[in-house]
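Subject: Structure for your review: aromatic rings

Dear colleague,

Please find the structure below, together with its sequence. My notes on its aromatic rings follow.

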Amino acid sequence: MISMDPHNEEAYSIVVFGASGGLAKKKVFPALWALFRENRLPQGTKIFTFTRSPLQTKTYRLQILPYMELDKHRDPKKYNLFWTTVHCVQGEYDKPENYVALTEAMVHQETKHNQVRANRIFYLALPPIVFDQVTLNVSRKCSSTTGWNRIIVEKPFARDDISYKAFQTSLCNCFRESQIYLMDHLLSRQVMQNFFALRYSNHLWAETLNHRHVAAVMISIKCELPVSVNRADYFNQFGIIRDLMTNHMIQMLAMLAMDQPYANTADDLRAERLKVLRQVLTPNIGDVVLAQYRNNRRETDPAKCGYTEHTYIPKDSFTPTFALVVLHINNRRWTGVPFILRAGKALNDTKSEVRIQYKPVDCDTFHSDSTDIRNELVLRSFPTEEVFMRMRLKRQGEDICLRESEINLRVDDRGPKGLQGLPGYLLNVFQGDQTLFMRSDEQCEIWRIFSPVLATIDSDRPRPLHYDFGSRGPLLAYRKAERAGFVFFATDEWHQSEETLEYTVKNSKQLIGPHTALKPVRDPRSKRSNSNP
């Protein structure tokens, strides 16, 4: 636990390497400000930036100003106080003497109030090419000898299993596993913690999350925006699978599929995650659908063009902006259940969710017009954080006719909200809680899963399918998911009139298939955002 006692004898320093980059400006410093604003940082914490280009606090705070959400939290006095804790250090990543200067700056601040223990966090908001140099110099020149040291490493964690072994060796030679925090802040802490409580504390879900009851699981990350110029070089080099599936999405799969840990500790939970990752079968290229967005010829905005029509993307690029991968787990609990990972840019919606789709009942007692009615447990982390079930209940009236309804399992509106996103993860690092951070051997298994298919994609350079900017993605991806066992329903009612429902079903059958649906027209009084996949 971290102490907020002003007389505490411990000093805390956090160093942000690569502070001039977009990640530090848009994510890391707003997260540090959120912790400081809510009085969640330990008393006397000092923040240091380390950059190759000269940087001054006065100019840096102006650069970050657009990302700090000051309109929502007007407290100029506290905001100015926050910047008194920030100190800028300039240096080259490959020069050990510059790290000595960084250490001297930390020691100078740590000894101001006679603290006897110095605890240090090193946040690597850097491209992977300099990781080796930074981790080696930090461990040799900047490590505290009186307190603990922790290092945060942002994705990507290498490109494949071969490059990851060198990455892992370098990192683990400099820091112990208990000091390493492999960060992916896209993971929703609130939703996953709610899922753990739902599954392990309630007999109903504990007994039904297995192959006897579950038909399919789909993990989706959809984004309406195209690839931005700031991420173009990175994205064109790594692609959508490396960007999302080899870290955030496969980590969610592991937490959904793992058995109950022996105890509620980080070590036991990570051990169960590792166990299930080792049981995931390696997919082949036939389990993958790749696609790239193109101009839909309807947009007037020049930014909404095809991927290769962007001025910052090579015209001959085959980098996929959409991918669907079907995975299977070879164990007694999940045998035969497909886990479908789907991610894409420039789609019709921005959403991050998991859909656990249950098998239909054996017989239809109520003479429903659908032959494959399935309940769904939905874990949504964006745009709202919520857990709910989609199911069938009786319509109003005298006849027994079914309608789609939901059981809302949200708990975030029953009390004060905890810290979400990156601020929550940073607080976990201060507290030494590694529960939702991947262990280095977990990431090794993840590369074992994906490296063969990625090697095939890199060597063969298959031409991706195309889908229109702002669409739901390629038709073949829906077909692949259907063949794997997932059902896309065209019967969502959500207060629609019969005429609207008929129109939606008719068009969805033409474009996707008899079991799928386009986005339904919704009554504005309905609270639920688009619930269709």
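A charge is said to sit over a ring if NZ of Lys or CZ of Arg is within 6 Å of the ring centre and within 35 degrees of the ring normal. Please keep in mind that this is a predicted model. One case that fits the definition is Arg461, whose charged end is placed over the ring of Phe318, 4.7 Å from the centre of that ring. Arg159 likewise lies over the face of Phe238, and here the distance to the ring centre is 5.3 Å.

I turn next to rings that pair with each other. Such a pair is described by the distance of the centres and the angle of the planes. The structure holds 31 aromatic pairs. In one of them, Phe29 and Trp83, the ring centres are 5.9 Å apart and the planes meet at 5°, so this pair is stacked. Because Phe29 belongs to helix H1 (residues 22-37) and Trp83 to helix H3 (residues 76-83), the pair ties together parts that are 54 residues apart in sequence. Phe29 and Trp83 are both buried.

A second pair is formed by Tyr425 and Phe437: with centres 5.5 Å apart and planes at 80°, it is therefore edge-to-face. Tyr425 is in helix H11 (residues 421-431), whereas Phe437 is in the loop between H11 and helix H12 (440-460), 12 residues apart. Tyr425 and Phe437 are buried as well.

Finally, ring pairs join Phe29 and Trp83 into a cluster with Trp33, Phe36, Tyr60, Tyr79 and Phe82.

Yours sincerely

How values were computed: Residues numbered from 1 in each chain as written. Predicted model: local features only at pLDDT ≥ 70, side-chain atom pairs only at ≥ 80, totals over all residues. Heavy atoms only, no water. Phe/Tyr/Trp six-rings, centres within 6.5 Å; stacked < 30°, edge-to-face > 60°. Helix = DSSP H or I, 4+ residues; strand = E, 2+ residues; numbered from the N terminus. Buried < 20%, exposed > 50% of the residue type's maximum accessible area, 1.4 Å probe, protein only.
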